Amino acid sequence: MTETKLFLNGDFKNSSDGKLIPQTNPATEQVFCEVSAASVADVQVAIDGAQQTFEREWRDLSPRKRTDILFNVAKVIRENLETLAQLESQNVGKPISDARDEIALGARVFEYYAGAITKFCGQTIPVARGGFDFTLRQPMGVVAAIVPWNFPFPIACWKVAPALAAGNTVVLKPASQSPLTAILLGQLAYQAGVPAGALQVVPGQGSVIGDALATHPLIRKVSFTGSTEIGSRIMGLAARDLKRVSLELGGKSPNIVFGDADIAQAAASSPMSVFANTGQDCCARSRMFVERRAFDQFVELFIAETKKIVVGDPALDATQLGPLVSANQRAVAEEFIEGARKAGRVIAHGGQRPSPKGFYLQPTIVLGAEPTDRVWQEEVFGPVVCIRPFDDEEQMLREVNASRYGLSASLWTNDLKRALRVSRRIESGVISINSHSSVHVEAPFGGFKQSGLGRDLGMAAMEGYTELKNIYVAE
Ligand code: NAP
C-alpha cells in the first residue's frame, strides 16, 4: 500500500486542514493517489517534536549507537529497494533501472555517514598562551531539509543522513510532485531505530509551508536543493535570525571537448551527460563547446549516439529516458526549442513529442545558437542541448564563465597540462576530466556563483551540519 500521510513523531497523520496534493504518473497522465499536504500548524508540530527528540534523545546518543542505527537504515532501504524504486518511477516518470540505482545510492549515503560518525574529529591546537585547547563539532538542533522532484530519494538522503549522523534532528519537506519515497523513508528510518521525531516528513506546498520552515526560531539550518529563485528567497528569510543555510541550485553546465581528445569516447558518453533523467538534472551538460577541428566529427557521432537512446515507458528495464515530470515542465522545454527555431537555429535532432500520451519529449540537439540566445544562457531543465564550436582556449573560457551558474563541468582532452590549467579556470564547484561523473558520495558536491552555497556529500556536508566550538583549559 502506498503511504500518503505526513510522518510525524513515529506515526502517519492526516494534515490538520485535510488538504491533499494529487499525484500524477507522468507516463500515463493519470492521478494515482493523493497525499496529505501539511499546514503551517503541522509544520509547528513537526518542529516541536524534532526539538524534543533532539534534546531528549538524539543529541546525546553515543556515537556507537548512532552508527548502528544509520547502518540499519541503509539495510532497511536495501530490503525495500524495489518498492521504493517502483514508487519513485511511478511518481516522477524515472526509468525503473535509474530509480533502482538511485535508491541504492541513498543506502550508500547512509552507510557512508554511519561510518563517518566515529571518524569525524575536532583538533587540538597549540595556542600561544599554553594550556590545552581543543575543538568540538557539535550538532545544531533541528534542520529543515527542502528537496526537489528530480532526484527525490537520493537528495533527501544526502541531507538527512549527514544531519542525523552529526546529531541533529530533521524536518524533511519533499517536493509536491514527488513526496512518496520521502514519506516511506520516514517510516523505514523509524523502523530501523531512528527515534520518533528525529526524522519528520512534511509533504506540502512550498508556497504554503516554506516560509514557516525558513523562519521558525527552532530551525537552526535550512538545507535546500531546488531553483535559484526559491533558494535566494530562503536565504533572505533565513538571514533575519542568521540561520545557517546550504543551497544547491540551478546549473547550465559546460561540456568542453578539445580536438586532441578521444572524440569517439567523448561523443559516446556525452548524450547521457545532458539527456539523462530527461534533462531534469542540475548538472546537465547543456552547453557543449567543441574545438572547431573536431566539431563536425563530434556532432555527427553525438547525433548518432543520441538516436540510439531508448525513450519510452519508464516501467521497462530497457528504457533510458522516460517522460518529463509534468505537462508544465515539457511546455517550458518546448518553449525553449520554439524560441531557437524562430531565431533560425538548426534543430539537428528531436524537438518532437514521440508519443501522444505521457509528458514525453525527444532528446533535442540545437546547432548554431549564439551566446546571447536564451536557450544557451538559461537552464532548460529538459532534454535540450546546444553545441557550439570554439577556436581559442581563452575566448572559450570567457564564454564558459559568462554564466550566472557554476555547478559542474566536463572537459575532454589527452593533454594533462591543459586539463589542469582549464580546470582551475572554470568557475564551477565540480569538474570531471574525460568523464561526466559529478556525484561521488565521498566527495563534496555543490556550486559556485548562483548555483549555490555550501556542499552536500563527503565530509564537507558533515561539517555543514555542525557548529564549531573551541574549548580552552588553563594549565
Ligand atoms: P523549486 O521550485 O525551487 O522547488 C524545490 C523545493 O522547494 C520543492 O520542495 C518546493 O516545494 C520547495 N519550495 C517551493 N517554493 C518554496 C518556498 N517559497 N519556500 C520554501 N520552499 C519552497 O525547484 P524544482 O523545480 O522542484 O527543482 C528544479 C531546480 O532544482 C532546478 O533549478 C535544478 O537545477 C535544481 N536542482 C539543483 C540541484 C543541485 O544539487 N544543485 C539538484 C537538483 C535540482 P513544492 O514542490 O511544494 O513547490
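Trainee: In this predicted model, what makes Glu-82, Arg-100 and Asp-317 a network?

Mentor: Glu-82, Arg-100 and Asp-317 are linked by salt bridges, and a salt bridge requires a side-chain nitrogen of Lys or Arg within 4 Å of a carboxyl oxygen of Asp or Glu. A search of the whole structure finds 28 salt bridges.

Trainee: Why is the contact of Lys-94 with Glu-102 called a salt bridge?

Mentor: The N to O distance between the side chains of Lys-94 and Glu-102 is 3.1 Å, and the cut-off is within 4 Å, so the pair qualifies. Both Lys-94 and Glu-102 are buried, a word that stands for under 20% relative accessible area.

Trainee: How do you know that Arg-341 and Glu-338 are separated by about one helical turn?

Mentor: Arg-341 and Glu-338 are 3 residues apart in helix H12, which covers residues 327-342, and an α-helix has 3.6 residues a turn, so residues three or four places apart point the same way. The closest N and O atoms of their salt bridge are 3.3 Å apart.

Trainee: Why is Arg-341 called partly exposed?

Mentor: The relative accessible area of Arg-341 is 33%, and the class lies between the limits of 20% and 50%, so the residue is neither buried nor exposed. Glu-338, with a relative accessible area of 33%, is likewise partly exposed.

Trainee: What separates Glu-394 and Arg-398 in helix H14?

Mentor: Glu-394 and Arg-398 are 4 residues apart in helix H14 (residues 393-401), and therefore about one helical turn lies between them. The closest N and O atoms of their salt bridge are 4.0 Å apart.

Trainee: How do you know that H6 is largely enclosed by the rest of the structure?

Mentor: Of the 12 residues of H6, 10 are buried, and the helix is therefore largely enclosed; among the buried ones are Leu-180, Ile-183 and Gln-187. The length of H6 (residues 180-191) can be checked too, because 1.5 Å a residue gives an expected span of 16 Å, and the end C-alpha atoms are 17 Å apart, which agrees.

Trainee: What makes the approach of Ser-176 to the ligand a polar contact?

Mentor: An N or O atom in the side chain of Ser-176 is 2.5 Å from an oxygen atom of the ligand, and the limit for such a pair is within 3.5 Å, so the contact counts. A side-chain N or O atom of Ser-227 is 2.6 Å from a ligand oxygen atom, while a backbone N or O atom of Leu-249 lies 2.8 Å from a ligand nitrogen atom. The protein covers 88% of the 900 Å² of accessible area that the ligand has on its own.

Notes:
Residues are numbered from 1 along each chain as its sequence is written. This is a predicted model: local features need pLDDT of at least 70, side-chain atom pairs count only at pLDDT 80 or more; totals for chains, interfaces and linings use all residues. Side-chain values use heavy atoms; hydrogens and water are left out. Helices (H or I, at least four residues) and strands (E, at least two) are DSSP runs, numbered from the N terminus. The expected span of a helix is 1.5 Å times one less than its number of residues. Buried means under 20% relative accessible area, exposed over 50%, partly exposed in between (1.4 Å probe, protein chains only). A polar contact is a pair of N or O atoms within 3.5 Å; within protein, one must be able to donate a hydrogen and the other to accept it, and residues adjacent in sequence count only if both atoms are side-chain atoms. Accessible areas come from the Shrake-Rupley method with a 1.4 Å probe; for residues, only the protein chains shown count as cover.
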